[in-house]
Amino acid sequence: MATHRKWNYEGKVAFVTGAAAGIGQASALAFAQEGADVVAVDLSEEGARATARLIEEQGVRTLAVKCDVSNPNDVQAALAATMDTFGKLDFAFNNAGIEQALAYTADISDELFERNLRVNLGGVFYCMKYQIPLMLKNGGGCIVNTSSGAGVVGIRGQGAYCAAKHGVLGLTKSAALEYAKDGVRINAVCPGIIDTPMIGRFTQGTEENRKRMIAQEPIGRLGRPEEIANTVLWLCSDVAGFTIGHAVVVDGGQTAGL
């Protein structure tokens with residue numbers, strides 16, 4: 001029996017960073033379920049391989065790559081491996097990122113601030129810098145960058161994280177304008193509070209802290225990684241062909257009243 005696919009990405013190649021868990025893993029699997037070959041990229045080599053094994057179960061080709069997205073040499077090597085294996089790049093989901101420990105602005109250390117910018121913003125920059133030329137050679141492609149609800153509002157105690165995620169939106173919009181006529185569509189997704197290992201670390205695994213997080217969501221629950229993955233796949237589809245340079249907020253209504 002033929003598999004029903006909403007988008008049908010057979011013959012496409014998707015490059016997903018932060019693919020070992022959470023939103024990245026859910027998106028990598030969603031691309032695979034739609035028939036795309038997937039490059040699972042993560043700082044954790046073991047995590048990337050675990051995701052690749054799940055991808056293989058969908059009957060598509062996959063490649064697991066260890067990569068520190070804040071290191072341009074690592075990014076170039078990951079994309080070179082992609083080209084060596086698949087010969088092209090159609091979709092990129094630049095999702096890898098880190099959280100920030102709660103700290104008011106005057107208490108943020110230089111190291112904490114610089115690390116957030118280097119990973120959360122620099123990682124997106126380096127990925128796009130080396131992905132775009134590959135897509136141009138291929139006649140076009142789609143890039144989705146992970147910003148955050150923290151990319152559209154300020155949050156107390158999250159100055160470094162907010163600065164980086166606001167920066168992702170500025171970078172996304174600028175690049176989108178530069179390459180729209182060349183067939184490379186670039187957008188960002190801004191997740192709200194999603195039930196991922198990152199949120200588990202942020203809540204320190206306590207039910208009390210988890211309830212506080214849920215209380216911030218008008219919908220009354222945390223988001224699911226698959227809900228962000230669905231948005232990413234839609235942004236990469238022809239149905240979203242007129243969506244360029246947009247920040248798609250998927251947050252259960254968290255920022256609707258702000």
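1. Let me start in helix 3, where you will find Thr85. This is a predicted model, so please read what follows with that in mind. Thr85 counts as partly exposed because its relative accessibility is 38%, which lies between the cut-offs of 20% and 50%. Setting aside neighbours within four places in sequence, Thr85 is in contact with Arg61 and Leu63. If you would like a distance to check, Thr85 and Gln33 are 52 residues apart in sequence, and their C-alpha atoms are 20 Å apart in space.

2. Strand 1 deserves a look next. This strand covers residues 13-17, and 5 of its 5 residues are buried, so the rest of the structure largely encloses it. Both faces are covered: Val13, Phe15 and Thr17 are buried on one side, and Ala14 and Val16 are buried on the other. From strand 1 the chain crosses through helix 1 to strand 2, and this β-α-β crossover is right-handed.

3. The pairing of strand 1 is easy to trace. With strand 2 it pairs in the parallel sense over 5 bridges, and Val13 stands opposite Asp37 there. With strand 4 (residues 91-94) the sense is again parallel, over 3 bridges. In that pairing, Phe15 stands opposite Ala92.

4. Moving on from strand 2 (residues 37-42), we come to strand 3. These two strands run parallel and are joined by 5 bridges. For a specific pair, look at Asp42, whose bridge partner in strand 3 is Lys66. Strand 2, helix 2 (residues 45-56) and strand 3 together make a right-handed β-α-β unit.

5. Helix 2 passes a simple length check. Its 12 residues should span 16 Å at 1.5 Å a residue, and the end C-alpha atoms are 16 Å apart, so the two values agree. Which residues of helix 2 are buried? They are Gly47, Ala48, Thr51, Ala52 and Ile55. Seen down the helix axis, these buried residues fall within an arc of 140°, so they line one face of helix 2. The general background is familiar: an α-helix has 3.6 residues a turn, so residues three or four places apart point the same way. The buried residues of helix 2 pack against helix 1 (22-33), strand 2 and strand 3.

6. Ser70 sits in the loop between strand 3 (62-66) and helix 3 (72-86). Is Ser70 buried or exposed? Ser70 is buried, because its relative accessible area of 13% is under the 20% cut-off. Its side chain is joined to that of Asp68 by a polar contact of 2.7 Å. Not counting residues up to four places away in sequence, Ser70 also touches Arg118, Val119, Gly123 and Tyr126.

7. Asn8 is one to check if you look at backbone torsions. Its phi is near 55°, a positive value in a residue other than glycine. As a general matter, most residues other than glycine have a negative phi. Asn8 is in the segment before strand 1, and with a relative accessible area of 44% it is partly exposed.

8. Gln158 belongs to the loop between strand 5 (141-146) and helix 5 (159-179). At 7% relative accessibility, Gln158 counts as buried. What is Gln158 in contact with, leaving aside its neighbours within four places in sequence? The partners are Gln100, Ala101, Leu102, Ala103 and Phe202.

9. Finally, two glycines share a loop. Gly241 is found between helix 8 (225-236) and strand 7 (247-250), and Gly245 is placed in the loop between helix 8 and strand 7 too. Gly241 counts as partly exposed at 35% relative accessibility, whereas Gly245 counts as buried at 15%. Leaving aside neighbours within four places in sequence, Gly245 is in contact with Lys173, Ala176, Ile186 and Asn187. As for C-alpha distances, Gly241 and Cys142 are 9.6 Å apart in space and 99 residues apart in sequence, while Gly245 and Val153 are 18 Å apart in space and 92 residues apart in sequence.

Note on methods. Residues numbered from 1 in each chain as written. Predicted model: local features only at pLDDT ≥ 70, side-chain atom pairs only at ≥ 80, totals over all residues. Heavy atoms only, no water. Helix = DSSP H or I, 4+ residues; strand = E, 2+ residues; numbered from the N terminus. Buried < 20%, exposed > 50% of the residue type's maximum accessible area, 1.4 Å probe, protein only. Polar contact = N/O pair within 3.5 Å; in protein donor to acceptor, adjacent residues only side chain to side chain. Contact = heavy atoms within 4.5 Å. Pairing = 2+ DSSP bridges. Right-handed = clockwise from strand over helix to strand, strands pointing away. Expected span 1.5 Å × (residues − 1). Arc of directions from axis to C-beta.
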